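Let's walk through this two-chain model together, one question at a time. Have the structure open while you read.

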Amino acid sequence: MSTTTQAPTHAFRPVPQILVHEVHQPRKNRQWLDWVLTTDHKKIGIMYLVLTFVFFILGGVEALLMRSQLAVPNNTLISGEHYNELLTMHGTTMIFLFVVPVMAGFGNYFVPLMIGARDMAFPRLNALSFWLLLCGGIVFYASLFWHPPEAGWWSYPPLSSIQYSPSGGQDAWIFLIHLTGISSLVGAINFYVTIVNMRAPGMSWGRLPLFIWSILIYAVLLIIALPVVAAAVTMLLTDRHFGTHWFDPTNHGSPVLWENLFWFFGHPEVYIMILPGFGMISEVLPVFARKPIFGYKAIAASTIVIAFLSTLVWAHHLFTAPMPLVVLGFFMLSSFLIGIPTGVKIFNWTATLWRGSLVMTASMYYAIGFLIVFLIGGITGIFLAVFPVDWQLNDTYFVVAHFHYVLMGGAVFAILAGTYYWYPKMTGRLCDERLGKIAFWVTFIGFNLTFFVQHALGLSGMPRRIYTYQPDMGWSTYNLISTIGSYILGIGILMSMYNFVRSYKHGKIAGPDPWKANTLEWFTTSPPPVNNFDSVPRVRSVEPMRDIRLEVEAQTGRLQKTGGSEQFARP
Amino acid sequence: MRRAVIFVRSLLGAVRRSGLRFAAVAAPLAAAIYFALAQSASAACCTLKTGGSPNATSIATLYDIIFGLAVVVFVVVVGFILYSIWKFRASKNPVALQIHGNTRLELSLTLTAVLILVVIAAVTFIKLPSIVNPPNSDAGTVLSASLTAPKPPNGQELTICVTGRQFIWRYTYGANCNKAAWQDKLPYSYQEMEVPAGVTVNLLIQSSDVIHAWWIPALGGKVDAVPGFTTYTWFKALHANELYHGQCAQLCGRQHAFMTALVKVVTPKQYAAWIAQQTNAVAQQNDQVSQIRAYLSKMGTLTPSGNF
């Protein structure tokens, strides 16, 4: 991507005029060096997004292989060994190499733009974050050529101990956690410092865009949770190779210690993955409802409350482990509590739609799709929080359905909404809206076909992580539906990917503010110049860009044209 | 404030106009019908497996209550979203109402959410004793009791030790099965568990290698078998001549999918006969092994400590 910006083609420019200058000559040859050596948050953000979407495709292929194996009973496409490798690779890839870093990618690109800063606080540390992530991915995927790990993404010992998992794949997994962990930790500190120190004049905490709130809390949660998992995997490493017995029951170690340490990280991790998605939805909905977000303070506060409570619910992953009843009761109630701020968010989002003037763009389709699928994921979460019910549903396909509704339906739909929304800002070109909407329907239908029937599978007793099943169990029909759905879902995702790749060259020119949006990133050109802003306006509300637009309209007496957005204008 | 009032009024107006009031009446009615159906129908799609043991039935009832509430919440929220998309798209409603929030509405809906969760928590704690406390066995059965696990009020129960290992379940029958199974020459079996109907069966669950999870859906919830720990659960099979199927629920290695478990419920009389036969068979096998060991030791092939 060159830093040359598209000259606005329309007659009059937005006022105040954006006078961005070329601050450096683009490189004529060896342009890839620009990417390798860059400390520009936008280039790093783009590299994050491209890399994580590549991992998303890899994880998706792994999922499709598993679904193909489960399509019919007694299938022999994939052996038990390779199935376990696939489920470990799929879970690890999607969590550590896709959802968490893709949020860092969006954060990298948009945090400085949305708060009116010229870069992140520590640009070189920012580059380090990205390259560490890439190293983590390479270390992990290199195990494909030897022996991938097969103990699941939780890697419960003793199964992950040297005795039962002698291969180096398990060690590759440990190093992946270390490398991506340091990457995220460094990135989190960077986000925190940037947001705390580098906001535009007038942008008090009460005027911080909700996406920035969510990235701030995402950073805090990463700083709380990651050291714990770093310690745990280090203990696993020393157990495996240096003769310690932290988790070894034959030498007074305890596998339950690992379970507690892992999920003390693992549950905040769930909110690390979903909170930035919440933030994106909180940005997209008010823009396309042409209406301020309903209950800004409630949404910001609920983000903080969710983060606080998320550190108090980890043992609901251990309801079947050896634990006293009173502990189970505590974690049931704390898990209920977290449903309340989440309910507040869903209520505020739906109220934002009420009496709005909804512009149904592809991004809005995904945002509303998010509301519906995330609602299902949230509701099934209540079932699982009730520990006696969890005794029946834990480790079944009901749980698989639940967390795919939350993470695939929740986080990924939010990511797609965000990508369709911010694509014009990042590339200067609009996505194909029609293709985007078709892709939405294919994705939405495929997603629900794949995962809705998995609730029924879990209820009828199918445990997760089994590589085959017998025809007389009554699971065959649901599994076949789920497999067919997964291929439809795959096609839907590929349509979106095709849309993103194609629109980069062939999309319509977007102009600085195609959506009539609310936040500062739309105040600069698309894509933004290296320095982001020549002058940063004073922020007077949560919606600074809207204020500017209204001001201009009042001064000039006519509707502000928004470069390329004519197709979305009301007739 | 005035805007907020207008907002609430418009909300109520919409309720009147669009027949949502009908929905408000219909939703509880539908929930009631649903409960009746869920309790009677054994539809495999939307309810838990039940009927094998009282604890499984209690969990299923709890599940049904939550499911009813969940359906209502889902229908209301999705109905609201779909109505908004239909009613307020830009072509129909060109000017958006510029409101920033409504504290009273916000608080009341938050309280509604709290109330739903309080109801679920209360129902859970009401149902809990029937799920965790083993009931008395039916009268007239003579049984062996263990010392450690929670017991039924009159102490009459059958204790079975369940030991998981890659990739099979072993069952040892009788009191002290976790302590003195070898000395007491207790009978055991693999994969298929034989139990008498009408008797409270206490399970002591252990693992000898990695973490497994014991689970027979129709006989209650699952319990992890963690090496180094003993966990407990119980069931009371209601009907004889039933075969219940389950399998290990915690990833335990490459053949995890084939770590199945069967529970065969027979009458107490058949059980007594089976136990006697099994004890006999185990004793015979032990005798044979002892003879072979003695022979091999005499021949000098086997050292007294048992090494070749």
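## Chain A, chain B and where they touch

Q: What radius of gyration does chain A have, against the value near 25 Å for a compact globule with 571 residues?
A: Keep in mind that this is a predicted model. With 571 residues, a compact globule should come out near 25 Å, and chain A agrees with that. The value for chain A is 24 Å.

Q: How many helices and strands does chain A have?
A: For orientation, the C-alpha atoms of chain A fill a box of roughly 75 × 45 × 45 Å along the principal axes. Inside chain A there are 15 helices, and the strand count is zero.

Q: What share of the residues in chain A is buried?
A: A residue counts as buried when 20 or more other C-beta atoms lie within 10 Å of its own. Put that test to the 571 residues of chain A and the buried share is 62%.

Q: In chain A, what percentage of contacts between residues at least 6 apart in sequence join residues at least 24 apart?
A: Contact here means C-beta atoms within 7 Å. Take the chain A contacts between residues at least 6 apart, then pick out those joining residues at least 24 apart, and you get 83%.

Q: What distance does helix H9 of chain A reach from its first C-alpha to its last?
A: H9(A) runs over residues 325-353, which is 29 residues. At 1.5 Å a residue you'd expect 42 Å, and the model is close to that. Just after H9(A), Arg355(A) takes a positive phi of about 60°. The reach of H9(A) itself is 43 Å.

Q: How many residues of chain B are in contact with chain A, and which kind makes up 43 of them?
A: On the chain A side, 69 residues take part, and chain B brings 68. Elements giving two or more residues to the chain B side are helix H3 (54-87), helix H4 (103-132) and strand S7 (223-225). By kind, the chain B side has 17 polar residues, eight charged and 43 nonpolar.

Q: Which strands of the five-strand open sheet in chain B stand at the edges?
A: Chain B has five helices and ten strands, and five strands form this mixed sheet in the order S3-S2-S1-S5-S8. From one strand to the next, the twist averages 25°. An edge strand has a single partner, so one side of it is left without a neighbour in the sheet; that describes S3 (188-190) and S8 (231-236).

Q: Which residue of S5(B) is the bridge partner of Ile160(B)?
A: S1 (158-165) and S5 (200-207) of chain B pair in the parallel sense over seven bridges. One of the bridge pairs sets Leu158(B) with Val201(B). For Ile160(B), the partner is Leu203(B).

Q: Which residue of S2(B) stands opposite Gly164(B)?
A: A hairpin links S1(B) to S2(B) through two residues. These strands run antiparallel, joined by six bridges. Opposite Gly164(B) you'll find Trp169(B).

Q: How many of the eight residues of S1(B) are buried?
A: Across the 308 residues of chain B, the buried share is 33%. S1(B) is mostly covered, with the buried count at seven.

Key: Residues are numbered from 1 along each chain as its sequence is written. Chains are lettered from A and ligands numbered from 1 in the order in which they are written. This is a predicted model: local features need pLDDT of at least 70, side-chain atom pairs count only at pLDDT 80 or more; totals for chains, interfaces and linings use all residues. Helices (H or I, at least four residues) and strands (E, at least two) are DSSP runs, numbered from the N terminus. The radius of gyration is taken over C-alpha atoms; the globule rule is 2.2 Å times the number of residues to the power 0.38. A residue is buried if 20 or more other C-beta atoms lie within 10 Å of its own, exposed if 12 or fewer, and partly exposed in between; C-beta atoms are placed from the backbone. Two residues are in contact if their C-beta atoms, placed from the backbone, lie within 7 Å. Ala, Val, Leu, Ile, Met, Phe, Trp, Tyr, Cys and Pro count as nonpolar, Asp, Glu, Lys and Arg as charged, and the others, Gly among them, as polar. Two strands pair if DSSP finds at least two bridges between them. Axes are lines fitted to C-alpha atoms, for helices over the stretch in contact, and angles run from 0 to 180 degrees between N-to-C directions. The expected span of a helix is 1.5 Å times one less than its number of residues.
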